[in-house]
Amino acid sequence: MKFFRWYQFVVPLVLFPASYLLWLRRYDGDHMLVLFALSIPVVFAYVVPGLGTNWLGLWEFNTRFRLGRFRPHHGFVFGTATSLFGLACVPPSPPGFDPVACARAALVTGSVVGFWNWLYDTYAVKSGFILIHNRLTAQGEPAEVVATDHAPVFFGSFGVCYGIALQLADALSARIRPGVFTTVWISAVIAGVVVPVAAYVASSYLRRGESGLKVYRRQTGGRHEESGTRLAEGVPVDRVRISRPDRTIAEPGPAAQGMGGQHPVQRPGGLD
């Protein structure tokens, strides 16, 4: 837990400026291209987790500084780390579209981003820093199972989109073709938001027959909340008396003499 509490502040304060300078060096001082490379993961990390926490209520951060269930600096935490992964995974390319280089960028970036976010989420869930409210956590599944259910496909598909965008920015000479640059930028931001969600929902439908966007809450004892009604086996009785406000005693009649004396039956809470 201490690691995650410090990590969330060290990364944006220390590594974000470092990432900006490294991208600035990569793009020969072109600040617009640097903003392109950094904005895609930052926007994704604000829009999708922001809606997932405060709108859908699927998960939340267990930290002091929050807006509802969402930490306000999350976009820069995720965006910084992901931009550094992109810098390492997608080398500079000469002008001209190369489908093989584009596929390589998608595969490598998707694999790296998917793996490291799976590892991060596994330990964040295990430590209690991230609280997820889905079917698996309600069933008491371990953190490894919970993280494996969403992280590879969700973050991996974002990494695929991000790798392709970085490759196209170089290959299509976006820095000297404003129309191409703007088109790639807008398309990358939209794809980065839509594709991971669609991929996760499709994967969830294929594996469990549901969207994966439904909230499940755990009850005391680890049972997930599905119904507030509990059924009791019927006992033939002659009369019922109240022994105390939260308990009734069924006194068996002749037909139930062989069933072993009195049978306490819990009444539903809230009845007088």
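This tour proceeds from the nonpolar cores of a predicted model to two buried helix residues. Local features require pLDDT of at least 70 and side-chain atom pairs pLDDT 80 or more, whereas totals for chains, interfaces and linings use all residues. Residues are numbered from 1 along each chain as its sequence is written, and side-chain values use heavy atoms, with hydrogens and water left out.

Select first Trp23, Tyr27, Phe36, Phe44 and Leu166, the residues with the most contacts inside the largest nonpolar core, which has 34 residues. Such a core is a set of buried Ala, Val, Leu, Ile, Met, Phe, Trp, Tyr and Cys residues joined through side-chain atoms within 4.5 Å; buried means under 20% relative accessible area, with a 1.4 Å probe and protein chains only. Two or more residues come from each of α1 (2–26), α2 (31–54), α3 (74–89), α4 (99–127), α6 (143–171) and α7 (178–208). Helices here are DSSP runs (H or I, at least four residues), numbered from the N terminus. For a second, separate core of 14 residues, select Phe4, Leu58, Phe61 and Tyr120, which are among its members.

Next, display Trp23: beyond four places in sequence, its contacts (heavy atoms within 4.5 Å) include Val34, Ser83, Gly86 and Tyr162.

Move to Ser83 in helix α3. Ser83 counts as buried because its relative accessibility is 0%. The side chains of Ser83 and Ser19 form a polar contact of 2.8 Å; the term denotes a pair of N or O atoms within 3.5 Å, and within protein one must be able to donate a hydrogen and the other to accept it, while residues adjacent in sequence count only if both atoms are side-chain atoms.

Finally, select Gly163 in helix α6, which is also buried, at 0% relative accessibility. Outside four places in sequence, Gly163 contacts Val90, Ala105 and Thr109. A C-alpha to C-alpha distance of 7.8 Å separates Gly163 from Val108, 55 residues apart in sequence.

Technical notes. Buried means under 20% relative accessible area, exposed over 50%, partly exposed in between (1.4 Å probe, protein chains only).
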